[in-house]
Structures are given as structure tokens and as C-alpha cells.
Amino acid sequence: GLGQARNVGIDHARGEYLWFVDGDDWLPQGALQAVSQRVARTSPDVLIIDHVEVPDENAPWPVPFNEALREPEAPIRLAQRPQLLRLAQSACTKIVRRSFLTDLGLRFRPGWYEDCSFSRLLLMAAERIDVLDRVCYCYRQDRDGGITRTPSPRHFDVFDQYDALFETLDRKAGAYDQFRPELFRLMIDHYLVIVGHPRRVPDTMRREFFGRMAEQYRRWLPAGGYSVPDG
């Protein structure tokens, strides 16, 4: 699986920084140089980059501005810009200092949706987050065999990933509680995207999936509630 393969890569890596690049995606020209120059200058625990989703390497890709990707004057912590949690959760958009990851002891969990717990815990733990407002990653859309286009009971793996995330928050004895309402909102939104997609949860399992959503809602609802989206 993808997460376990990345774990093997982590264990064998020798460089100062790690960058997870999926085999069917690509880096645009100049991306490596831009990233290496930035980490050499600011020494972040995590560098967040912009990305685009395109069907192939010859397709044009417009780049809309995202305020969360505004570059800080110096590395920051997540509490200074919590909206970073709303960016793409993909590990491919996070360049990570290897010693920081090793000290943290964070690894990818088995199963689908392995980025759910990894990327959020990474950002909450980082003391130095930098942002590079430049497209340095091209994510190939509509790829055959991609989980977003594959009806399968394995979409239920997402519940285990979020359980692991919130169980870690519980073990941290309040250290990350300020992010709990936002993480809860992101979890529910993610579940709605999955169950609302016509090519993910098999039709015969949709009622069961929705039931699991309701269980997760009751289990992890923050004591003070959360910001319910409009509409």
C-alpha cells in the first residue's frame, strides 16, 4: 500500500528533507530548485507548497490565489495560521525535515486515506512551518485505479484514519485541543464528499457508511461544538 511504501522510504532516506512524490504525478520545471533554496534559507520543520490538479503534462493549469498560502516573513506555528489545515491534506504538498519526523515518530497508517492523520498531526506538531506560494507539484487527475474513482468497501478505511487522529489528540492531554473543532469540521466534510461521490462507496453499502458517519459525529463532537458551514 501507498502509506507503507512511504514508511519504507522514510526508513531508508538519508537526505535532510523528505518529499513524497507519487509515481504517476510530476514536478514542474524549477520546483526542486525553488524548494531546496527555500529550505536552505528558512530551515522549516515543514514547507507547504502549492499544487495543481491536471489531466496530463500538456494541459494548462490556472493557479487561483489562496490566502492561506501567503508566504510568512518567517516560519510560523499552526496556531498563527490555523487555516492551513484547510489546504489539501496530501503529504505530497508537505516537504518535511527528516530529523523532525524521526523525533516525532510519526508514520503513515495502513489503509486508504493515509494522509488524513499524517498531515494534520505533522502540522500541529511542527514548530517551524514555512509556505512557498508556488506550484511545485502536479497531481494527475482521473488516473485509472485511483481511489477517488474506485467503488470499494475500502473507503470505510477513512473511519480508522480519523479515529487514529482524534485518539492521538486525546493522548496529548489538551495540547492540540484548540484545533479540535476545525479538525471535526474537516472530518465531517470529508465523509460527505466520499458518500456523495457516485464512484466511491458501493450502492449496497451507502446506508452502512452513513451510519458510521453518524457514529463518528457523536463520538468526536467537540464539547463546545464547532463552526457549522453555511448553506
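User: In what pattern do helices and strands follow along the sequence?

Analyst: Helices (H or I, at least four residues) and strands (E, at least two) are DSSP runs, numbered from the N terminus. Here the order is α-β-α-β-β-α-α-β-α-α-α, with seven helices and four strands. This is a predicted model, where local features need pLDDT of at least 70, side-chain atom pairs count only at pLDDT 80 or more, and totals for chains, interfaces and linings use all residues. Residues are numbered from 1 along each chain as its sequence is written, and side-chain values use heavy atoms, with hydrogens and water left out.

User: How many Å should helix H5 span?

Analyst: The expected span of a helix is 1.5 Å times one less than its number of residues. H5 covers residues 157–171, so its 15 residues should span 21 Å; the end C-alpha atoms lie 22 Å apart, which agrees. Just after H5, Ala 173 has a positive phi of about 50 degrees.

User: How many residues of H5 are buried?

Analyst: Buried means under 20% relative accessible area, exposed over 50%, and partly exposed in between (1.4 Å probe, protein chains only). In H5, 11 of the 15 residues are buried, so the helix is largely enclosed by the rest of the structure. Among them are Val 158, Phe 159, Tyr 162, Leu 165, Phe 166 and Leu 169.

User: Which helices cover those buried residues?

Analyst: Contact means heavy atoms within 4.5 Å. The cover includes helix H4 (115–125), helix H6 (180–196) and helix H7 (206–220).

User: What share of the whole protein is buried?

Analyst: Of its 231 residues, 48% count as buried.
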